[in-house]
Amino acid sequence: MSNLRFTEQALSEWMRSGGSHSEIVISSRVRIARNIQHHPFPLLATQNQAEEVMNVLAPVIDQGKETGFGTFHLLKLDDLEELDKKVLVEKHLISPNLVNDSRGGAVLLNEDESVSIMINEEDHLRIQCLFPGFQVREAWERATAIDDIFEASIDYAFDDRRGYLTSCPTNVGTGLRASVMVHLPALVMTQQINRILSAVNQVGLTVRGIYGEGSEAAGNIFQISNQITLGQTEAEIIDNLHSVAIQIIEHERNARQRLLTDSALRITDRIMRSYGILSYAAVMDLKEASQRLSDVRLGLDLGILKAPSISVLNELNVKTQPGFLQNLFGEKLSSTECDMYRAKLLRETLGTTH
Amino acid sequence: MVCQECGVRPATLHFTKIVNGEKTEFHICESCAREKGELIPGTSGGFSIHSLLSGLLDLEGAGKGKTAAASTAQGVRCEECGMTYGQFSKLGRFGCSSCYKYFDKGLDPLFKRVHGSTAHVGKVPKRAGAKIQFRRQIDELKGQLQQAIEQEEFEKAAEFRDQIRKLEKEIAQE
């Protein structure tokens, strides 16, 4: 069991309040990538060079002191237990890449965990801001303000023509990746999702599973983000994502209404069954848990279910991940044990809300 | 051949996987490959955005044929970190910020493909970027000056001209 405060709770403090369109948009995130001039990128850096980068970047944010964005804490990856790293990834506070493929990796986290500043990930510096619900503009404003704090004392790798120089050519220019995490069960059920996703791809945006590149869209949760970082201003990128997301929200809302009018009984049955199975099953794998939690979330929004709260569902989405289960029930769980404890956790949480 | 994922765009990436003698062929478009990331059915690891990029970079070389120029380009080396263009095209990632300078010639087609654009128009670091910001302001004012002249608003034009001169002076002093 871990003693790290950031891995004790499944839900970060920032996730507790809803934000707008929270029945569909779970969270908004902005990440900006920056590098220091005349230092090799983390890909080529030696252990010493990576530590040097950390020694330059970490002191910019005065740890333990109020910054206007809360008080920051520095966690060095080498000092963390494997399980803590896993849970930080499951909470989206660090990337899998920082855990697996980084020398001298570290993260600066503020108290409510809404700002996560990764050091020596693919780039020297990755500033990530998370907001609940649909607040992509707010997330950008906070990220750029934190960027200004670093920029006041760091010489960034920047070029007149190419903008902020990043390790991967897909991030060059603004270094900005803005994304919204959306729950789209009705678009999936009515089989409109593929058409919409391919349209999204044509306007410079991309759709991924919730744990980023290469992950599956579990539980009908999709991450929509900008693909283009060069040749558009940050405002254009954010506005583009904003307006596309608004349209997708609208489509999802219409599809939900259509489900209610055209197949109320079928959809009610599906939601009630999922709630029943989550409340009584003895074994459950992650895929089924995600799908059934998605049904329950839809049930809440359609007024078919009165409980649990969205916040409990957000919490369960994190707590049912393997790392967090191990954190709760013991470090070495076989996959069958994981499925058993997942079911136990769901039974205990949802059973009390009847 | 049409992409087997979206069924719309032409397939531009073709590969075959053989497991225990069983052969599976994949024909997909770049857009689907990018969207799928590492999740292309049947491929285990190795097919990330970086390997896709390296595919694009190799295409650049292949497009020109095996000319002397292309093979010289592969040997171009970044003098700061030592990475060669050949390594960059395999890894799909730069070794340091100077690689952008040394590999500059090969980058426009790549950025055009990935971003549809080759030049940055966004945020500029305040401290290092004062000159860049002045230059952008000057470009904007020049546009306004031109417009004012075309519309025969000469008083306005004179104002723009003065502002431009002032900024140019400030740049010279920096």
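1. Contacts along chain A. This is a predicted model. Take the contacts in chain A between residues at least 6 apart in sequence: 70% of them join residues at least 24 apart. For chain B, the matching share is 34%.

2. Build of chain A. Chain A has 13 helices and 10 strands. Its radius of gyration is 21 Å, and the globule rule gives 20 Å for 354 residues, so chain A is as compact as a globular protein of that length. Along the principal axes, the C-alpha atoms of chain A fill a box of roughly 65 × 45 × 35 Å.

3. Burial and surface of chain A. Buried residues account for 57% of the 354 residues of chain A. The chain exposes about 13,700 Å². Carbon and sulfur atoms supply 49% of that area. Chain A carries 34 positive and 46 negative charges. The mean positions of these two sets are 7 Å apart.

4. Helix 12 of chain A. This helix covers residues 322-329. Its buried residues are Gly323(A), Phe324(A), Leu325(A), Gln326(A) and Asn327(A). What do they pack against? Their partners in chain A are helix 1 (5-8), helix 3 (82-90), helix 11 (310-319) and helix 13 (335-351). Gly330(A) follows helix 12, with a positive phi near 130°.

5. A cis peptide bond. Look at the bond that joins Ala307(A) and Pro308(A): it is cis, with omega about 0°. Most peptide bonds are trans. Pro308(A) sits in the loop between helix 10 (286-301) and helix 11 of chain A. Helix 11 is also among the elements that the buried residues of helix 12 pack against.

6. Two positive phi values. Most residues other than glycine have a negative phi. Glu113(A) has a positive one, near 65°. Gln191(A) also has a positive phi, near 55°. Both should be read with their surroundings. Glu113(A) lies in the loop between strand 3 (106-110) and strand 4 (115-119) of chain A. Gln191(A) lies in the loop between helix 6 (185-189) and helix 7 (193-202) of chain A. Is each of them buried or exposed? Glu113(A) has a relative accessible area of 6%, under the 20% cut-off, so Glu113(A) is buried. Gln191(A) stands at 70%, over the 50% cut-off, so Gln191(A) counts as exposed.

7. Where chain A touches chain B. Glu151(A) is a residue to inspect here. Glu151(A) belongs to helix 5 (residues 136-151) of chain A. With a relative accessible area of 4%, Glu151(A) is buried. Which residues does Glu151(A) contact, leaving aside neighbours within four places in sequence? In chain A, the contact is Tyr156(A). In chain B, the contacts are Pro125(B), Lys126(B) and Arg127(B).

8. Build of chain B. Chain B has 8 helices and 2 strands. Along the sequence the pattern is β-β-α-α-α-α-α-α-α-α. The two strands thus precede the helices. Of the 174 residues in chain B, 38% are buried. The accessible surface is about 10,300 Å², and 51% of it belongs to carbon and sulfur atoms.

9. Annotated spans in chain B. An unreviewed UniProt entry places a "coiled-coil region" at residues 131-170 of chain B. In the model, this span is 92% helix and 0% strand. The C-alpha atoms at its ends are 9 Å apart. UniProt also lists "domain: UVR" at residues 135-170 of chain B, again from an unreviewed entry. That span is 92% helix and 0% strand too, with its end C-alpha atoms 11 Å apart.

10. Leu141(B) inside those spans. Leu141(B) is found in helix 7 (residues 130-150) of chain B. Its relative accessible area is 8%, so Leu141(B) falls under the 20% cut-off and is buried. Setting aside neighbours within four places in sequence, Leu141(B) contacts Phe160(B), Gln163(B), Ile164(B) and Leu167(B). An α-helix has 3.6 residues a turn, so residues three or four places apart point the same way. For a view of distance, turn to Val2(B), 139 residues from Leu141(B) along the chain. The C-alpha atoms of Leu141(B) and Val2(B) are separated by 49 Å.

How values were computed: Residues numbered from 1 in each chain as written. Chains lettered and ligands numbered in written order. Predicted model: local features only at pLDDT ≥ 70, side-chain atom pairs only at ≥ 80, totals over all residues. Heavy atoms only, no water. Helix = DSSP H or I, 4+ residues; strand = E, 2+ residues; numbered from the N terminus. Rg over C-alpha atoms; globule rule 2.2 N^0.38 Å. Buried < 20%, exposed > 50% of the residue type's maximum accessible area, 1.4 Å probe, protein only. Contact = heavy atoms within 4.5 Å. Areas by Shrake-Rupley, 256 points an atom, 1.4 Å probe, with all protein chains shown as cover. Lys, Arg positive; Asp, Glu negative; His and termini not counted. Charge placed at Lys NZ, Arg CZ, Asp CG, Glu CD. UniProt positions renumbered as here; feature names shortened; annotations may be inferred.
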